[in-house]
Amino acid sequence: MKAAGKGHPCRSMLYMPGNNPGMMQHVPAFGADSVLLDLEDAVAEREKDAARRLVAHFVREIDFGGVVVTVRVNGADTPHFERDLEEIIPSAPAAVRIPKCHSPEDVKRADAAIGRIEREQGMPPGGVRIHAMLETAHGIEHAFEIARAAERVEALTLGGQDLTADMGVQKTRDGAELFYARGRIVMAAKAAGLMVFDTVWTDIDDAEGLKSEAELAARLGFTGKAAIHPAQIDAIHEAWRPDARELRRAFRIVEAAERAEREGKGVISVDGRMVDGPIVVRAFTLIRLGHLYGINEEADL
Amino acid sequence: MSAGQNLRTIENALSRAVPVEVPGLRKYGPYVSPFAYLERQISAPAKGGFPLRLREPRHDKVTDDIKKAVERSGLENGMTISFHHHLRNGDAVIPKILQALAEMGFRDLALAPSSLPDSHDMVADCMRSGLVSRLFSSGARGEVGRAISAGELDVPVILRSHGGRVRAIEQGDIQIDVAFLAAPACDRYGNMTGSAGRSACGSLGYAQVDARHARHVIAVTDNLEDYPLHPRISIPQYLVDQVLVVDSIGDPSKIATGAARISRNPVDLRIARNAFDLIAASGLLTNGCSFQVGAGGASLAVAACVKDYMAEKKIRGSFGLGGMSGYMIEMLEQGYFEAMLDVQSFDRSVTDSMTRNASHIEIDASCYANPFNRGCVAHNLDIVVLAALDIDLDFNIDVQTGHDGVLRGAIGGHPDTAAGAKLAVVAAPSFRGGVPTIKESVTTVCTPGETVDAFVTERGICINPKREDLLECARNARLPVKDIRALRTEVEKLTGVPDAPEFDRNRIVALVEYRDGTLLDSVYRVK
Amino acid sequence: MLFKKAQAGTLESSDCMVVVSPAETCILEYSGQNETIFKRRTERIVREIAERYAPGASVQIQDRGALEVTLRARIETAFERASKEDLKEDPAGEPK
């Protein structure tokens, strides 16, 4: 499995307009696991150059205090795509998000451009990852090929606004119209061993709606969800809080696994029942997740 | 004295140069430590008894003529007049009276309000015209601050905390000749309260002190009610010499502003969250705890976190203190605290609460914070959350000077509560307007660092090294603790290192008195 | 080489507005709430950047509390825009 976000958790990914220094300067204060500095939709056409320069400086010079920093560049169908990569890649963000990934070719083109810039800059190859944003019906139907299109693809992300428009339907509160897309993109990401982010909840005053959508995303297997306002972050993190009973069992499984390891036994058993490899892996993942909620041992539960 | 001021100075315990004497005022001792006063004899004025009056029964106290009232008060050039600041930015009494005094040709008065509202730029004109030659206040903002910092008053302005002002009055450093006390509700004999009337402001805690100690007391009201005023009397008739009726004592919309709302600014909310986490980790939030917090958006957000915690853990506190916001009254009404002790009310939702809630208690400024009485509430306080303009590596706090060196704040109860509380948390952004909050050394010490336990920002929590116990609590709770030097470096990497403003060190324009009457710091003329 | 006057940035808080135009020498006009305490810092940054683009430039900055990183980005963008020969390619165009 590839390192997800250089090993950092990414339950939340906070969108931030790339031309807004007042927000970007406070990234560590928002409490998000990761941020997305946006050069695309959040930036007016005539300010693309200014935002690009600002984001490049911020990513290169500012200590974001452990927050995973990603940048959304403009689409390959715009005149800004090449310039965005030329300026942003040398600043070495954790990943760039490529919007409107329609087919594996979109990812391959970005991969080639990023690889060339990395070589020219003497950067480690593959260091800057790609988050492929799927926001067209065609993109969703090719999710798995897109996920496998390049080694540096680290995550698939769902763009709900554009996708519903492409489907010719409205985005509704309960999100039934996105049910298939969510399932499909999660399955493709899992099959390719990638992270997968759910789309944004756009009504910042509707906390209930956000809560239920975040819980749905967590249940469906998304590893995180995008946020458009810092006030959404706590609710998103809460949706990924591990279930106490499951976590208790995970502590016992890990303990048993470590005991088996010490005693050189091949078989792990908990409460008198055998436990398989994938369940042990899941237990370790859960415990790491627990750390994010201040749960470091069973007594913290 | 203006050009070659030549005040002889010595260094106090914080290495700040302070004068040993200010001509026209008094001799001064340098600041030593927060409770050094316990070791020394205090000088109190010779017992003069209570100011007596000989008045025939039913004599008439009411007039609507400002000038007549002033004449009857016996005010003379060189005397001291006082006002309270309970009407905040809606106050119309200070300008109205000063204008009348100017028209009557007064000069060389000492102005000793409990504080000056932001809006009173006209006081600067009174300083320039010679009407006001000395100023004693909790703060100086706007045009007044600029005028003082430019050296427009010859005698240094004395800046005191709320507790320190009462001490100064009771010790005789400030001798109020005439107090003009705005009275939102008043009867013909001068019984008054702030919790009724169209200009209602809530508590009259600061005015109560002036009413007790001034040689002559004039109630100024726009709301003459039937005798006797009821159901509440904050200042009783036997302390009041005259009742001056005017059209308006102020603008109600600026006196009682709408209830302050909890900030939605994510940086403020992170600061509040960090401050709350530290308070929770300190172990002080238990049954019977006491708590004070300001009315700023971030402060209210701390209160909101405290309330949620108290609800979850089923904790009932003893009292809330200080400037009272609607949020604190809500906590009282919902049973989170037994009582609220209110020296000054902040917003409209507090104003009539005292008549509604028996446990919302009006206290005077001496009861609030005077270090030299028989026990003030600030000394019974568990937790206080305070603001700051700047802090330095020794945790000294500046709430008075801006980055340009100009006076622009007020001390308020900052040093009083910091000294008294078991846990004094100063909460502020790590940088504001591109300027770092942590300095190597603050421009003006208003609250000594030895009374500040922690500085909380959105980028982490700095604990005063003298509080090893608190540091351990914070570490055990896995809070984002940072060394204050490290945080300063982190922020200066973002902002760059600002240059200090330039001062004329030969010209002291103001002095910061500590609550015990020693001198904390000198404020110099800005070049 | 600068061809024209160009601006970058905004007057939002934590940002700054930079106007760059061709001049004989490097001239800086720095205003805003921090003009006294950050004058030297800002001069240093402007000089560094001007050397890379055009030593002769008039630079006007209205600072609304920008961090160094923001200041640099805005100044550079203004220089980039002022260095463009083709007016049509300048996305921000001439300031009014």
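Two residues are in contact here if their C-beta atoms, placed from the backbone, lie within 7 Å. Keep that cut-off in mind for the tour of this predicted model, in which local features need pLDDT of at least 70, side-chain atom pairs count only at pLDDT 80 or more, and totals for chains, interfaces and linings use all residues. Residues are numbered from 1 along each chain as its sequence is written, while chains are lettered from A and ligands numbered from 1 in the order in which they are written.

**Stop 1: chain C**

Select chain C and colour it by secondary structure. You will find 2 helices and 4 strands, following the pattern β-β-β-α-β-α along the sequence. Helices (H or I, at least four residues) and strands (E, at least two) are DSSP runs, numbered from the N terminus. Of the 96 residues in chain C, 42% count as buried, that is, with 20 or more other C-beta atoms within 10 Å of their own, C-beta atoms being placed from the backbone.

**Stop 2: where chain C touches its partners**

Now show chain A as well. Here 16 residues of chain C are in contact with 14 residues of chain A. Pick out helix α2 (residues 68-82) of chain C, which gives the most to this side, with 7 residues. The side of chain C that touches chain A divides into 7 nonpolar, 4 polar and 5 charged residues. Ala, Val, Leu, Ile, Met, Phe, Trp, Tyr, Cys and Pro count as nonpolar, Asp, Glu, Lys and Arg as charged, and the others, Gly among them, as polar.

Swap chain A for chain B: 12 residues of chain C are in contact with 11 residues of chain B. On this side, chain C offers 4 nonpolar, 5 polar and 3 charged residues.

**Stop 3: a small sheet in chain B**

Stay with chain B and select β10, β9 and β12, 3 strands that form an open sheet in the order β10-β9-β12 with mixed pairing. Two strands pair if DSSP finds at least two bridges between them. β9 (residues 185-187) and β10(B) run antiparallel over 2 bridges, and Ala185(B) has Thr193(B) as its bridge partner in β10(B).

**Stop 4: Thr221(B)**

Finally, centre on Thr221(B), in strand β11 (residues 216-221) of chain B. Thr221(B) is buried, with 25 other C-beta atoms within 10 Å. Leaving aside neighbours within four places in sequence, its contacts are Ala183(B), Cys186(B), Val243(B), Val245(B) and Ile249(B). Add Asp64(B) too: Thr221(B) and Asp64(B) are 157 residues apart in sequence and 9.7 Å apart in space, C-alpha to C-alpha.

Terms used: Buried ≥ 20, exposed ≤ 12 C-beta atoms within 10 Å, placed from the backbone.
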